[in-house]
Amino acid sequence: MTDSVYDDLDVPEVINATGTKTRIGGSLIRPEAADAMRRAAEGFARISDLQARASELIQDVTGAQAGYVASGASACMTLAAAACIAGDDPAAMASLPDTEGLADEIVVPRTHRTGYDHAYRVAGAELVDVGANDAYLGTGAENTERWEIEAAIGADTAAVAYVQKEYTTPPLEAVVEVAHDNDVPVIVDAAAELPPVENLERFIDLGVDLVAFSGGKAIRGPQTTGILAGREDLIRSVAAQQLDMHAAADAWVPPAELVDVDALGGVPRQGIGRGMKVGKGELVGLIRALELFVEEDHEARTAEWRDRAERIAEELADEPALSTSLAAASATDVAPTVTVSVDEAEAPVTTAELVRGLREENPRIFVGADALDQAQFTINPMCLPDEQVAYVLDRIRDRV
Ligand SMILES: *Cc1c(COP(=O)(O)O)cnc(C)c1O
């Protein structure tokens with residue numbers, strides 16, 4: 001429908017009414033960040049210098065001692081695990097994901113297990129999950145007790161992992177306390193927890209040792225970026241395991257903030273993170289996007305999303321086969337979301353057929369499909385520009 005590069009390639013464009021989803025390209029990169037990436041392509045910079053510059057910005061906006069950029073929050077989680085397991089030992093770095101003889105266990109409350117924690121195992125970590133699912137029994141019992149985490153921590157523990165979601169328990173404060181009482185670092189997966197912008201600082205304020213955010217979700221940086229913020233010694237370990245390490249020792253002068261040459265006692269080999277590299281373009285684009293995300297008028301942006309969502313909800317509610325409701329930004333969505341219920345007796349298609357049909361159009365239209373079994377789909381206004389709203393509504397109306 002536009003003169004898009006995807007059309008040039010004969011690849012169907014996607015109209016994104018479902019929010020920041022990796023499989024359809026994440027979010028819309030900020031134009032200023034895209035422009036910075038194009039300018040980055042015109043010349044060279046040492047990647048480690050760009051990482052050091054990114055680290056400065058990450059320190060400023062999170063309050064952490066240091067920061068790093070890798071190819072996604074998921075890559076940052078792998079690197080976090082690698083840093084907690086290998087520390088500053090080049091021999092350990094070289095052996096990962098083989099962890100024989102190393103403390104390689106990551107303790108995680110069982111209800112925090114997600115498909116994303118595969119990222120920790122990539123580094124060689126063994127996940128030790130503790131607790132139960134008792135909160136849902138309605139007896140007042142907790143999912144994870146402090147003593148369960150404490151009992152699981154031992155000589156083989158490398159870290160405690162935590163997934164930040166509105167519904168996760170125990171409170172992060174309590175997990176940090178029990179981990180630190182036992183001299184073990186805490187890694188937090190906060191990939192999708194921005195906005196609110198305050199979350200950039202929140203985890204570091206709570207004493208978390210490493211926290212990962214996606215650069216390609218609401219920050220609207222390059223889709224292949226993630227931010228890791230945290231302790232300087234751990235970020236140094238990350239750098240040593242991620243940067244291109246084919247260097248001549250005598251001519252090796254990496255930025256001192258990121259690589260402590262003396263502590264390493266020599267040039268490490270290519271590390272576990274080498275395949276998670278970001279280029280000069282991603283680094284420059286992420287830096288620009290993060291600067292802009294922090295400066296953004298977050299209230300105005302939220303109001304814009306809400307207005308758009310309200311308009312969509314009102315218009316679709318006029319369809320006899322549809323009813324709508326508006327949910328505030330919730331545990332899983334950073335933007336207000338329109339839930340559309342389909343009266344399957346009234347509509348000529350089931351909800352699944354409707355959603356699938358929209359995806360098969362050209363351009364493809366993606367709406368949220370998390371509640372098809374309840375005859376519902378969702379519309380998230382975050383990645384759906386105003387100019388595309390009428391088109392999406394027309395296409396939906398045409399099918400019901
Ligand atoms: C999106 C997401 C990730 C992965 O982030 P990428 O930046 O795409 O690698 C990890 N964990 C959670 C909870 C997420 O929502």
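This passage describes helix packing, salt bridges, a nonpolar surface patch and selected distances in a predicted model. Residues are numbered from 1 along each chain as its sequence is written, and side-chain values use heavy atoms, with hydrogens and water left out. Because the model is predicted, local features need pLDDT of at least 70 and side-chain atom pairs count only at pLDDT 80 or more, while totals for chains, interfaces and linings use all residues.

Two packed helices are described by the angle between their axes and the distance between the axes. Helix 13 (residues 298-317) packs with helix 15 (residues 386-399) at an angle of about 25°, and their axes are 11 Å apart. Helices (H or I, at least four residues) and strands (E, at least two) are DSSP runs, numbered from the N terminus. Axes are lines fitted to C-alpha atoms, for helices over the stretch in contact, and angles run from 0 to 180 degrees between N-to-C directions. Helix 13 and helix 15 are therefore roughly parallel to each other (angles under 35 degrees count as roughly parallel, over 145 as roughly antiparallel, 65 to 115 as roughly perpendicular and the rest as oblique). Their crossing is right-handed, a term for a near helix turned clockwise from the far one by less than a right angle.

Side chains of opposite charge can pair when their charged atoms come close. The structure holds 26 salt bridges, each being a side-chain nitrogen of Lys or Arg within 4 Å of a carboxyl oxygen of Asp or Glu. In helix 13, arginine 308 forms a salt bridge with glutamate 304, the closest N and O atoms being 2.7 Å apart. These two residues are four residues apart, about one turn of the helix. Arginine 308 counts as buried at 5% relative accessibility, whereas glutamate 304 is partly exposed, with a relative accessible area of 41%. Buried means under 20% relative accessible area, exposed over 50%, and partly exposed in between (1.4 Å probe, protein chains only).

A salt bridge within helix 2 (residues 31-40) joins arginine 38 and aspartate 35. The closest N and O atoms are 3.1 Å apart, and the two residues are three residues apart, about one turn of the helix. Both are partly exposed, arginine 38 at 46% and aspartate 35 at 36%. Glutamate 177 and arginine 146 also meet in a salt bridge (2.9 Å, N to O). Glutamate 177 lies in helix 8 (residues 172-181) and arginine 146 in helix 7 (residues 146-152), so this pair ties together parts that are 31 residues apart in sequence. In addition, a network of salt bridges links Arg110, Arg113, Asp117 and Asp129.

Val5, Tyr6, Leu9 and Val11 make a nonpolar surface patch of about 390 Å². Patches are made of residues with over 30% relative accessible area and no salt bridge, with like charges joined within 9 Å and nonpolar side chains (Val, Leu, Ile, Met, Phe, Trp, Tyr) within 5 Å. Accessible areas come from the Shrake-Rupley method with a 1.4 Å probe; for residues, only the protein chains shown count as cover. Valine 11 lies in the loop between helix 1 (5-8) and strand 1 (14-17) and is partly exposed at 40%.

Alanine 45 is placed in the loop between helix 2 and helix 3 (47-62). The C-alpha atoms of alanine 45 and lysine 280 are separated by 6.9 Å, although these residues are 235 residues apart along the chain. Threonine 114 and alanine 45, by contrast, are 69 residues apart in sequence and 37 Å apart in space, C-alpha to C-alpha.
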